[in-house]
Amino acid sequence: MHWIFWGSIIAFLVVINLVDFLTWRKYNFIDQEKSLNRNAVEADALQEVRRIDHHNMP
């Protein structure tokens, strides 16, 4: 009966590692998307600062 318990734990760990390995690229794309969003937000913030500076010029 112990082999059923240990076999199921080992099978579970193997499946978790296989899913993690197969979806590694997907996680990489998520990181790239976050980076693109961060760049867009930074560009919007700089544009807003320039707009405010332009309105405050004498």
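The following exchange concerns the helices, surface and aromatic contacts of a predicted model.

Trainee: How many helices and strands are there in the chain?
Mentor: Residues are numbered from 1 along each chain as its sequence is written. Helices (H or I, at least four residues) and strands (E, at least two) are DSSP runs, numbered from the N terminus. Val 14, for instance, is found in helix H1, residues 2-22. The chain has two helices and zero strands.

Trainee: What is the class of the aromatic pair that Phe 5 and Trp 6 form?
Mentor: The model is predicted, so side-chain atom pairs count only at pLDDT 80 or more, local features need at least 70, and totals for chains, interfaces and linings use all residues. Rings of Phe, Tyr and Trp (its six-membered ring) pair if their centres lie within 6.5 Å, with planes under 30 degrees apart stacked, over 60 edge-to-face and the rest tilted. A search of the whole structure finds one aromatic pair. For Phe 5 and Trp 6, the centres are 5.0 Å apart and the planes make 75 degrees, so the pair is edge-to-face.

Trainee: Is Val 14 buried or exposed?
Mentor: Buried means under 20% relative accessible area, exposed over 50%, and partly exposed in between (1.4 Å probe, protein chains only). Phe 5, at 46% relative accessibility, therefore counts as partly exposed. Because its relative accessibility is 52%, Val 14 counts as exposed.

Notes
Side-chain values use heavy atoms; hydrogens and water are left out.
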